[in-house]
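Here are some worked exercises for you. Have a look at the model below, try each task yourself, and then read the solution.

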Amino acid sequence: MAVTRVTITRSVVSSLNTQQEAAGDNPAAFSAPTGAGLSLAGPGDYFALMKPRVMSLVIFTAICGLLLAPGSLSGSIGFGSALISIFCIALGAGASGALNMWYDSDIDGAMARTSQRPIPRGVLTPRAALGFGFVMSVAAVWLLLVASNWVAASLLAFTIFFYLVIYTMWLKRSTPQNIVIGGAAGAFPPMVAYAAVTGTITLDSLVLFLIIFFWTPPHFWALALYKQTDYGRVGIPMLPNVKGAPRTRTEIIIYSVLLFGLTQLPLLTGLGGIVYGIGNLLLSGTFLVLAWRVFRSRAGDKPAETDSDTLYAVRNGNQAARNLFLYSILYLFALFAVLTVDHLFFAGV
Amino acid sequence: MAEYRKEPTEFAEPTREEIRARTGRNIAIALGLFFFLILIAVSIVLRQPA
């Protein structure tokens, strides 16, 4: 597939008159007008750098990956080491979030969705976020190496590298396929947890990876359809801005069909049984229906180009995209929960 | 003998908010390091063959 490369340089957003830009890396600019120029950031601001909401999904899928690994309950890793491994994966995800906020500090202030993050709010300097993210990354990988094995630790290190360098620094600003490839970063956590138990990468852990990998594009593109002005304002080449809303809606349905097919794989590998099969049919079926509604809608179309009759259709379409986005979050939680419950309690049924 | 302890004579006094924020950060760093060391120690112990 030919990928249109849209080179977005930092100069595109250099004109943004954010507080962070004016302050640079000078802590004094972030503190009260009087005083010694010390930072006013508290522990909560550093915690916000770790993207807690994203972390919750990472933790959940990682727990599922760990429980799905053979030997997880028979003591091959131990409860204590399992807990510490999950903690390391969460810490690694948080560190990636902080490093992402450091690099994107030039554009976050201009997007409504990200304008309340600690750096654009002027509470933290980008350098503080970089230092925090780096230290947390090293701590997470090192602790995971001590608690489990080098395969899991290497995978976690690669995940952080992939999210920061491959996705944030490279793909995000250069191609509308950014989240397709970049989505791999979010798909690694269950694989890392699986490796923490087994010390290997297997077909089952690869299936867990693929499910999240193919879930990511429809999830993000649904959001991008009704938030495209946000991304467009800072020059991020999301698919709706670059290729248009109709192409995005088509790719959403294509990836949703692929996702539906991939979610059948656990039945073939033996990871899931009949309970998962039924649950998945309902969950993925609903996903497909919502994706179809987005495909058939006018979501993301520019209202200015439409007459008053179609304005209503665009609004309905955007609502359909919003429904898909919100459902997709619930979907991933539910799918992994059903698969894990089936594997643990109904194995062999 | 020159007295240096009272120099510099002019310096910016941290505000109450700044001191509170710095204390919060210091406590968080101390607790974080302590927790990290505990986890390292526990991990090493758990990996010892029974």
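## Exercise 1: a helix pair

The helices α4(A) and α6(A) run roughly parallel to each other, and that is therefore the description to justify here. Helices here are DSSP runs of H or I with at least four residues, strands are runs of E with at least two, and both are numbered from the N terminus. Before we go on, some housekeeping: this is a predicted model, in which local features need pLDDT of at least 70 and side-chain atom pairs count only at pLDDT 80 or more, while totals for chains, interfaces and linings use all residues. Residues are numbered from 1 along each chain as its sequence is written, and chains are lettered from A and ligands numbered from 1 in the order in which they are written.

**Task.** Work out at what angle α4(A) and α6(A) cross, and which residues make the contact.

**Solution.**

1. Start with the axes, which are lines fitted to C-alpha atoms, for helices over the stretch in contact; angles run from 0 to 180 degrees between N-to-C directions.
2. The axes of α4 (residues 79-103) and α6 (residues 150-171) of chain A cross at roughly 20° and come within 10 Å.
3. Now apply the cut-offs: under 35 degrees is roughly parallel, over 145 roughly antiparallel, 65 to 115 roughly perpendicular, and the rest oblique.
4. Next, the hand: this crossing is right-handed. (Left-handed means the near helix is turned anticlockwise from the far one by less than a right angle, right-handed that it is turned clockwise.)
5. Then look for contacts, meaning C-beta atoms, placed from the backbone, within 7 Å. From α4(A) they include A:S85, A:C88, A:I89 and A:G92, and from α6(A) they include A:A152, A:L156, A:T159 and A:I160.
6. Finally, sort by class: 11 nonpolar, 6 polar and no charged residues. (Ala, Val, Leu, Ile, Met, Phe, Trp, Tyr, Cys and Pro count as nonpolar, Asp, Glu, Lys and Arg as charged, and the others, Gly among them, as polar.)

## Exercise 2: another pair

**Task.** Find how α12(A) and α14(A) pack and which residues meet.

**Solution.**

1. α12 (residues 245-262) and α14 (residues 274-296) of chain A pack at about 165°, their axes 9 Å apart.
2. That angle makes α12(A) roughly antiparallel to α14(A).
3. The crossing of these two helices is left-handed.
4. Among the residues that meet are A:R249, A:I252 and A:F260 of α12(A), and A:F287, A:W292 and A:F295 of α14(A).
5. By class, the contact of α12(A) with α14(A) has 10 nonpolar, 3 polar and 1 charged residues.

## Exercise 3: where two domains touch

**Task.** Describe how domain 1 and domain 2 of chain A meet.

**Solution.**

1. Chain A splits into domain 1 (40-201) and domain 2 (202-349); the bounds come from an automatic or database domain assignment.
2. Their contact takes 30 residues from domain 1 of chain A and 29 from domain 2 of chain A.
3. On the domain 1 side, α3 (52-68), α7 (178-182) and α8 (184-198) of chain A each supply at least two residues.
4. The most comes from α8(A), with 9 residues.
5. That side of domain 1 of chain A divides into 20 nonpolar, 7 polar and 3 charged residues.
6. α3(A) and α8(A) also pack on one another, at about 35° with axes 7 Å apart, in a right-handed crossing.
7. In that pair, A:C64 and A:L68 are among the α3(A) residues, and A:P189 and A:V197 among those of α8(A).

## Exercise 4: buried or not?

**Task.** Is A:T340 buried or exposed? And how does A:K51 count?

**Solution.**

1. Count the other C-beta atoms, placed from the backbone, within 10 Å: 20 or more is buried, 12 or fewer exposed, and in between partly exposed.
2. A:T340 has 21 of them, so this residue is buried.
3. A:T340 sits in α15 (residues 308-345) of chain A and touches A:C64, A:L67 and A:L68, leaving aside residues up to four places away in sequence.
4. A:K51 has 19 C-beta neighbours inside 10 Å, so that residue counts as partly exposed.
5. A:K51 lies in the loop between α2 (43-49) and α3 of chain A, with a positive phi near 50° although the residue is not glycine.

## Exercise 5: the two chains

**Task.** How many residues of each chain are in contact with the other?

**Solution.**

1. Chain B brings 18 residues and chain A 20.
2. The side of chain B that touches chain A has 10 nonpolar, 3 polar and 5 charged residues.
3. Chain B has 1 helix and 0 strands, and 8% of its 50 residues count as buried.
4. Chain A has 15 helices and 0 strands, and 53% of its 349 residues count as buried.
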